[in-house]
Amino acid sequence: MPLSDILETARLVLPPLEVTDASEMVGVLSDPDLYTFTGGEPPTLDGLEDQYRHLVAGSPRPGEDWHNWILRFGEVAVGFVQATVLGETAELAWVVGLRWQQRGFASEASLAVGDWLRDQGVVRLTAHIHPEHQASMAVATRLGLRPTDEFDAEGEQKWTS
């Protein structure tokens with residue numbers, strides 16, 4: 001699969017993630033309430049830079065591709081979308097900072113990523129969503145995903161197209 005393209009929607013630009021994005025994204029990801037459903041805690045700058053270096057380097061697994069985009073509203077980073085692609089299946093995840101939620105950014109960006117992935121030959125999209133995370137369920141539904149009976153070790157439900 002090719003490297004991630006810069007994607008554009010009506011309101012957003014989604015450039016591929018770079019390590020230098022950590023300095024801005026640490027603020028986007030700084031609110032502890034953002035982790036209510038996903039667990040974890042706000043990253044430090046050093047920790048986020050390390051994570052981004054790992055993501056930019058790509059998956060060590062043969063045949064698995066990682067694609068990560070920053071969501072930009074104008075010049076401002078507001079979140080990210082990531083896709084782990086294995087064969088014809090891509091697992092998606094999205095996060096929008098609390099300050100920018102309830103504006104449809106996650107849906108808009110995820111739809112653009114889903115379209116790009118399908119153009120690359122992906123035929124199945126999946127996501128893992130906490131069973132009480134109504135906003136992420138709405139995004140998944142807009143993507144054409146439906147809940148399955150499968151749950152992962154963290155209690156998140158698998159959704160798939």
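Two strands count as paired if DSSP finds at least two bridges between them, and strands (E, at least two residues) and helices (H or I, at least four residues) are DSSP runs numbered from the N terminus. With that in hand, welcome to the close-ups. Every view comes from a predicted model, in which local features need pLDDT of at least 70, side-chain atom pairs count only at pLDDT 80 or more, and totals for chains, interfaces and linings use all residues. Residues are numbered from 1 along each chain as its sequence is written, and side-chain values use heavy atoms, with hydrogens and water left out.

**View 1. Strands β3, β4 and β5 are joined through two hairpins.**
Let us start with the bridges. Strand β3 and strand β4 (residues 76-86) run antiparallel and are joined by 10 bridges; here L71 stands opposite G79 of β4. The hairpin of β3 and β4 has 2 residues between the strands, and G74 takes a positive phi near 70° in it. From β4 to β5 there are 8 bridges, again with antiparallel strands, and V81 faces W94 of β5. The hairpin of β4 and β5 also has 2 residues between its strands, with G87 at a positive phi near 65°.

**View 2. The whole sheet is open and has eight strands.**
Reading across, the 8 strands follow the order β1-β2-β3-β4-β5-β6-β8-β7, with mixed pairing. Strands β1 (7-8) and β7 (146-151) each have a single partner strand, so one side of each edge strand has no neighbour in the sheet. Look also for β2 (residues 12-14), which runs antiparallel to β3 (residues 64-73) and is joined to β3 by 2 bridges. The bridge partner of V13 in β3 is R72.

**View 3. Y52 is among the best-connected residues of the largest nonpolar core.**
A nonpolar core is a set of buried Ala, Val, Leu, Ile, Met, Phe, Trp, Tyr and Cys residues joined through side-chain atoms within 4.5 Å. Buried means under 20% relative accessible area, exposed means over 50%, and partly exposed lies in between (1.4 Å probe, protein chains only). The largest such core has 44 residues, and M25, L29, Y52, W94 and L117 have the most contacts inside it. What does Y52 touch, not counting residues up to four places away in sequence? With contact meaning heavy atoms within 4.5 Å, the list is L17, E18, V19, D21, A22, M25, L29 and I70.

**View 4. Helix α4 has a buried side and an exposed face.**
In helix α4 (residues 134-142), the buried residues are S136, M137, V139 and A140. They cover an arc of only 160° around the axis, taken from the directions from the helix axis to the C-beta atoms, which puts them on the same side of α4. The exposed residues Q134, A135 and R142 sit on the face turned away from that buried side. Which elements do the buried residues of α4 pack against? They pack against β5 (89-96), α3 (105-119), β6 (124-129) and β8 (157-160). After α4 comes G144, with a positive phi near 90°.

**View 5. Two aromatic pairs link strand β3 and helix α3.**
Rings of Phe, Tyr and Trp (its six-membered ring) pair if their centres lie within 6.5 Å; planes under 30 degrees apart count as stacked, over 60 as edge-to-face and the rest as tilted. The structure holds 2 aromatic pairs. W69 and W116 form an edge-to-face pair, 5.4 Å centre to centre with 75° between the planes. W69 belongs to β3 and W116 to α3, 47 residues apart, and both are buried. F73 and F105 form a tilted pair, at 5.0 Å centre to centre and 40° between the planes. F73 lies in β3 and F105 in α3, so this pair ties together parts that are 32 residues apart in sequence. Is F105 buried or exposed? At 2% relative accessibility, F105 counts as buried, while F73, at 34%, counts as partly exposed.

**View 6. T9 and E24 each make a polar contact through their side chains.**
A polar contact is a pair of N or O atoms within 3.5 Å; within protein, one must be able to donate a hydrogen and the other to accept it, and residues adjacent in sequence count only if both atoms are side-chain atoms. T9, in the loop between β1 and β2, has a side-chain polar contact of 2.4 Å with E108. E24, found in helix α1 (residues 22-28), makes a side-chain polar contact of 2.8 Å with R72. Beyond its neighbours within four places in sequence, E24 is in contact with R72, E75, V76 and A77.
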